[in-house]
Amino acid sequence: MAKFGWKVSQAPSNLAQECIKSKYVQDHRVTKFSNGSTTWRNIGRGWHLLQENCMWNLRNGENIHVWEDNWLGVGTLRSLISGPLQRGEVDLKVNKLGRGGNWDLRELSFHLPQAILNRILSMPPPHEESHSDILTPSFMVNGAFSLAQAYDAQLPTPWTNLDWIWKNNMEPKLKFFFWLLWKDRIPHMKLLHIRNIVPNSQCPRCYTIGEDSSHVIRDCSHSRGVWDMGAPQCPRGLSFTEWLKFNLGSKDSFKGVGWAVIFPYLCHEIWKDRTNVSLKNQKPAQPNTIIQRALTLARLRTKGGTYTRQEGGSSTPITREVVDIAIYVDASFVSIQEPVGLGGVIRNRKGDWEVGFSQCTFARDNSLAELRAIKLGLQIAKERNIHTATLFSDCVRMINLLSNTDGYADNYWSDLCECRKLWKDLPGVKIKHCSRTLNMVADGLAKVCRSNADSMNVTRIFPTPLVIF
Ligand SMILES: [Zn+2]
């Protein structure tokens, strides 16, 4: 239903949309949803969801109300402060806050908190010559309405972003296993029973009815035996997912191996053992045996087993493309609420570090953060008079958007314009993609910057030896 609403308000024009608009929308105001055709009433059902999850993309600022519209991505400015506004200020539009291509916040009677000011100043200011502002729902993926995200927005639990699982340092197969656990989607008896594959949901090890992910891994008497032998103390009453997260974040160690390293192996070994019991009619293994198996695997991994990254190692040396000057950039984004770290490093022909830089900003999503990292790299190149260089980023999407004009760019329009303008001034600079492995230093700088973010000032770290161009 929200998608219907989006189609009417934003999507490329078509006849059906024109009909509905001309009948029910007058002067940008919608008429009551209770009167009208079935389609119109259906749009009404999703309208509220759409309205609540929309934010403005700032361009010329003529349509955006400073106080009452969500243009910062964190709710309206009015909802972030308390106190009365001055007369006439309610109708203030964002275009009044820009002058000569810069922000000018003197029109605001309020002295805004620094965090909000930083958020405003991190955006490209409104520009008269830009197109008109555009309102986009937060459930857009590459320009198309994402039903999955609209669905997520209605879920009561806010924790739908599982990037932390994919970014964890465990083996890829364990990441997938953890994702299944989190979603309660490992093929346990309860799930098989729902799908009519087994007659009941009885646990094959302890014969309790109702075997789900939580029972298999944590609550079954056979699994508890494993946890009783050395799991770190955790707060009482944690849900299964909270318990998983708690253990993965633990700093404890177990027989010389970090608990966070061995924990995924223990879970996986418990699951493997349970599958053997169920499919091969084996007896459940002793807790000690499971721990030994997990311990062997965890030790292999910490010793530099097959999956350990070997930067500069003899077996898999990292080969960098030989270019005169290389600028590597990366961004560290967690959520729209939190600061974003941008980082970069300039390397010489030999691949040695010349200069590092980092900056703290805000962004609505990861792609925008990556774009701002590229922009920062270009700015630094311009400031340091580097006219011939190759700039590397690990974000293919943004490189493609920058290089050609097609592709969905509404959400990034202002930043793209600024970035393209900078790039035009540096005709000798190429922008290329590189793998994440080659971009670890920029990534590290961005992460450090994000976690220590307390100001918007560009902080430049110049490690020794420092070579100034
Ligand atoms: Zn059981």
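The paragraphs below lead through a predicted model, beginning with how confident the prediction is and moving on to a sheet and the helices around that sheet.

Across the protein chain the pLDDT averages 79, and 78% of the residues score at least 70. Two stretches should be read with caution: over residues 305-316 the pLDDT is below 50, and beyond near neighbours in sequence this stretch has 11 contacts in the model. Over residues 455-469 the pLDDT likewise stays under 50, and here the model has 18 contacts beyond four places in sequence.

A good place to start looking is the open sheet, in which 5 strands are arranged in the order β13-β12-β11-β14-β15 with mixed pairing. Its edges are formed by β13 (353-361) and β15 (429-433), each of which pairs on one side only. On average, and with direction ignored, neighbouring strands of this sheet are turned by 20 degrees against each other. One pairing can be followed in detail, since β12 (residues 340-347) and β13 run in the antiparallel sense over 8 bridges, and within that pairing Gly 344 has Phe 357 of β13 as its bridge partner.

Helices lie across this sheet. Helix α15 lies across β11 (326-332), β12, β13, β14 (389-393) and β15, and runs at about 145 degrees to β11, while helix α16 (residues 396-403) lies across β14 and β15 at about 140 degrees to β15.

How can the packing of one helix against another be put into words? Two packed helices are described by the angle between their axes and by the distance between those axes. For helix α15 (residues 366-383) and helix α17 (residues 413-424), the axes come within 10 Å and cross at roughly 25 degrees. Because angles under 35 degrees count as roughly parallel, α15 is roughly parallel to α17, and the crossing of these two helices is left-handed. Among the residues that meet here are Leu 371, Ile 374 and Leu 378 in α15, with Leu 416, Cys 419 and Leu 422 in α17. By class, this contact of α15 with α17 has 8 nonpolar, 1 polar and 5 charged residues.

Another pair is formed by helix α8 (residues 172-182) and helix α13 (residues 259-280), whose axes come within 10 Å and cross at roughly 70 degrees. The helices α8 and α13 are therefore roughly perpendicular to each other, and α8 passes α13 in a left-handed crossing. In this contact Leu 174, Phe 177, Phe 178 and Leu 181 of α8 meet Pro 264, Cys 267 and His 268 of α13, which by class gives 6 nonpolar, 1 polar and no charged residues.

Notes. Residues numbered from 1 in each chain as written. Predicted model: local features only at pLDDT ≥ 70, side-chain atom pairs only at ≥ 80, totals over all residues. Axes fitted to C-alpha atoms, helices over the stretch in contact; angles between N-to-C directions. Helix = DSSP H or I, 4+ residues; strand = E, 2+ residues; numbered from the N terminus. Parallel < 35°, antiparallel > 145°, perpendicular 65-115°, else oblique. Left-handed = near helix turned anticlockwise from the far one by under 90°. Contact = placed C-beta atoms within 7 Å. Nonpolar A, V, L, I, M, F, W, Y, C, P; charged D, E, K, R; others polar. pLDDT = per-residue confidence, 0-100. Pairing = 2+ DSSP bridges.
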